[in-house]
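Here is a protein model whose enclosed spaces deserve a careful look. The questions below ask how each label is earned.

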Amino acid sequence: MIKISLKKRYRLPAVLAASALILVLLVLIAAAPAKSAAALSEAVPLSADVPTFYAVPENGIVLPCSETLVVDEEYSLPADIPESGEYCILLTYKPASDILQKSTLTLRTPVDLCTTQIVSLWTQAGARKFDASGNELPQKSLAVDTAITDYAVDQGAVSALPFAFFFEKGAQTISFVSNDVDVDLLSVTLVGSAAVLGSEGRLPLMQDAAGEAFVVIEGESYTAKSDSAIRGSALMRADLSPHDYSASLINTLSADSFKNSGQKVLYSFQVQTAGVYRLSFHYSQDYKEGIPAYINVCFDGGEQYFWGVPFDYTGSEYENFTLTDPVALTAGEHTLLLEAGGAPLAGCIGEISGISKELSSLGLQIKKVSGSGASALRSWDVESYIPGILEKLSSCYDRLLAVYGALEQIGEPSPAAASKIKLAAGNLEKLLEAPDKIPANLRLLSEGTTSCTSYLMQQVDVLSYQSVGIDRIYLHGENYSLPAENAGALTDLAFGIKRLVSSRLSSKKDGGKDALTVWINRSIQYAELLQQMSETFTEQTGIKVDISLLSNEQRILLTNASGGAPDVVLGLAPNTPFDLGIRGAAVDLSEYAGFGALISGEYDAQAIVPYILEDKVYGLPETREFYVLMYREDILNDLGLTPPRTWDEVAEMMPALRRASMNFYLQLSGFSGTKPLYATAPFILQAGGELFSEDGHTTLINSPAALRGFETLTDLYRLYSVQPVVASFYNSFRYGEIPIGIASFSDYVKIKNAAPEISSLWKIAPAPGFLADDGSVVNGTTTASTACAILEASGKKDEAWEFLKWWLSAGTQAEFGNTLANIYGADYLWNTANNAAFEQLAFSREDKAVIRDQRANAIEINRHPALYAVERELSDAWSSVVLDGQSARLALDKAVLNINREFSRKLFEFGYADDNGRARRGLTYKKPEEILE
């Protein structure tokens with residue numbers, strides 16, 4: 001307790017002042033009642049009709065068609081062009097299924113090629129819902145069964161402007177290929193590009209001003225959207241509408257979800273008084289300091305539009321912004337379309353990307369001359385090896401400064417959002433100061449997270465996102481005074497005090513002491529959705545559930561020892577159930593009824609291997625990782641290469657890749673420090689080796705089979721020049737520097753969703769492996785990802801098992817995965833370990849087949865108390881061979897000595913060996929098939 005002591009002469013004035021302040025605050029609190037959450041749930045949309053994005057203009061050239069575009073099959077449509085010139089193509093289509101993942105359509109004319117995104121039309125599903133504490137819950141998105149009319153837009157362009165196709169006069173042909181999903185193409189309309197792009201803010205003949213008339217549109221209350229992931233967010237602020245001090249209400253269009261070029265949000269609204277209106281926004285933009293974000297604005301499907309409206313940086317505050325140009329509106333119903341699109345930044349982004357590619361190419365040329373790891377003690381005459389290199393670096397330096405200057409003209413002086421350009425230019429300046437040391441300083445040019453190329457790719461991402469959070473939209477006359485931007489200091493203070501008092505007086509948990517306590521080691525979005533879904537489990541079983549976030553897995557052991565441990569933990573690292581089990585802190589799940597049926601029916605037996613100790617199973621798989629071969633089909637075709645099936649074939653393709661200044665990516669290359677076990681061990685396991693002996697007391701990584709696998713791994717680097725450090729596989733793959741490699745689940749999701757311009761140019765295939773005697777390929781990798789467990793300290797073990805059976809069932813896993821993607825977007829793809837649920841998730845058919853086969857061939861690793869030593873020593877052995885030139889045999893023999901010492905120490909700790917390292921009993925693992933019998 002904090003004690004405050006006042007001298008006698010100051011006590012009375014201080015007390016009176018404090019009393020006065022409290023009185024003022026109480027008056028303020030009474031004057032600012034909470035917004036009724038119940039009233040919000042009764043809101044209804046303005047119109048039952050959901051309009052599409054654009055209307056077909058009267059002067060367009062309509063090409064009627066009714067054709068189903070089957071994936072990868074080309075359809076040709078004839079067109080009679082009246083005059084030569086540039087035309088935008090307006091498509092009316094209907095996807096055959098709801099689109100959650102990004103899908104594209106390729107259009108080809110005699111002159112141009114454009115790959116455009118195709119979408120489903122989404123709206124909010126039903127009335128607003130609230131939990132027991134009055135907090136508003138995120139809503140699922142509902143796909144609207146209607147045709148969509150939208151312009152073809154180049155996915156490689158950040159502007160989101162309709163693509164201008166050039167046509168010669170006369171008979172022409174337009175070809176269409178759908179790349180991901182079957183699409184019913186209903187109509188194609190050609191519109192002169194000047195009519196679409198050349199006359200912004202067209203104002204119909206209307207002279208009367210709107211006066212004091214106004215229309216208020218809530219940012220989160222949209223009619224339709226182009227992406228299920230676009231959503232509202234709940235911010236507890238007194239200056240946002242609606243707000244409530246006692247509960248969180250969804251009150252803004254989320255800037256995190258509305259940021260990618262081409263994303264659209266459509267609002268419907270009513271106008272009572274015809275006239276000329278101003279358009280204003282109460283918004284926040286805290287992503288690009290010193291540089292605006294841009295949104296395209298369109299009224300009534302194209303009647304009036306404004307391309308690239310700038311939204312300046314506001315920091316954490318919300319501000320009012322009014323467009324310079326007015327808009328004329330008749331009385332009646334209208335639509336307002338907002339589309340993220342950075343047209344004014346497109347030129348700068350293109351220049352930065354071009355410079356990055358040039359610098360990356362120079363880096364590869366230097367490595368051809370100097371090799372990897374050039375000595376800092378050696379001086380190089382780089383001009384004699386690469387003529388003109390210094391001029392090229394100097395030119396790139398000047399161009400970067402010019403881009404920075406252009407961004408200053410667009411935004412503010414010295415914009416913080418363009419700082420990566422200055423850092424890249426600084427690197428180039430250092431290289432030019434010491435040209436004879438350039439080969440030894442590739443980390444400044446093209447290798448690592450602080451290189452020029454890395455900085456510039458980060459800069460492209462920063463400029464490409466157009467993140468704007470919108471609280472309210474106002475359409476108003478000149479004489480209408482906008483509400484205040486901020487609530488004011490006193491109102492904010494009163495709101496904060498009310499929140500504090502409310503949080504102390506109310507309980508946010510509705511389960512109470514009788515509820516099953518579940519900790520989840522994931523972000524808040526996962527926890528909120530699981531809590532919402534658990535209501536179904538409670539209805540079925542009568543078991544109440546409280547979901548809480550687990551910020552650190554260390555808390556589990558601490559609370560287990562001190563009391564207050566949860567009953568169930570979800571989202572655990574793959575090693576944690578074993579670590580808990582060997583310490584007596586987790587329950588053997590194989591003892592429970594239904595265990596065998598659940599695993600045998602819906603999971604791969606190999607998936608439980610990491611959680612087995614002796615004949616017990618201390619955890620169950622929740623999600624599973626996958627590693628597949630990802631390749632740029634366009635580049636491999638140009639080089640005359642095919643996806644490799646074995647590591648020998650990878651070695652054979654390396655010379656062709658190196659001649660083209662390209663490379664192959666292995667997961668190990670993504671780490672500059674310790675190489676993770678999942679990147680090294682598969683080579684040993686695929687070759688038939690083992691990591692440790694059957695009794696678990698010694699390692700076997702220097703056996704003949706293990707040595708063969710390890711040598712294959714190191715030879716790829718030592719003899720065939722696989723790049724040892726790759727700062728970003730995503731960037732390297734996207735820009736064609738590394739057109740092929742082993743991709744993880746996170747790599748797959750990122751490239752799938754954040755590189756739309758290459759969406760139709762890459763594919764996945766099974767990972768390479770070793771050729772077996774029977775001609776098959778052994779290509780299994782580890783798949784352990786996240787797991788769940790029941791703690792031994794739980795007093796509700798039976799209830800906890802019922803919860804786990806429900807959570808891991810196919811129906812729950814499929815519903816959770818699809819709802820997660822529906823609400824939060826394709827970035828939240830759920831890689832469930834349940835095979836039946838996996839078949840129902842939003843992976844493409846072709847990718848799903850590859851992933852399914854790769855997971856079925858998994859080679860899982862039994863956990864060991866000292867498995868960390870195997871990881872560390874294999875990493876050190878790789879460095880000794882690849883970087884120091886030591887033989888693989890000597891490196892592994894040294895590693896074995898260190899690992900066996902650590903094995904003895906840890907096995908003594910857990911009673912498997914005496915203090916002299918002699919075995920007391922074996923650390924054995926029953927096979928999963930035997931446990932499931």
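What follows is a set of questions and answers on cavities and their linings.

The model is predicted, so local features need pLDDT of at least 70 and side-chain atom pairs count only at pLDDT 80 or more, while totals for chains, interfaces and linings use all residues. Residues are numbered from 1 along each chain as its sequence is written, and side-chain values use heavy atoms, with hydrogens and water left out.

Q: What makes a space in this model a cavity, and how many are there of 30 Å³ or more?
A: On a 1 Å grid over the protein atoms alone, a cavity is a set of points where a 1.4 Å probe fits but cannot get out; by this rule the count comes to 6 cavities of 30 Å³ or more.

Q: What volume does the largest cavity have, and what is meant by volume?
A: A volume is the space filled by probe spheres set on the grid points, which are joined across faces, edges and corners, and for the largest cavity this is about 260 Å³.

Q: Which residues that line the largest cavity are the closest to its centre?
A: Lining residues have an atom within 4 Å of a point; of the 24 that line the largest cavity, Ser360, Ser446, Thr453, Ser732 and Glu737 are the closest to its centre.

Q: How do the residues of this lining divide by class?
A: Ala, Val, Leu, Ile, Met, Phe, Trp, Tyr, Cys and Pro count as nonpolar, Asp, Glu, Lys and Arg as charged, and the others, Gly among them, as polar; the lining of the largest cavity therefore divides into 8 nonpolar, 13 polar and 3 charged residues.

Q: What is the make-up by class of the lining of the second largest cavity?
A: The lining of the second largest cavity has 11 nonpolar, 3 polar and no charged residues.

Note on methods
On a 1 Å grid over the protein atoms alone, a cavity is a set of points where a 1.4 Å probe fits but cannot get out, and a pocket is an open set with protein on both sides within 12 Å along at least five of seven lines; lining residues have an atom within 4 Å of a point.
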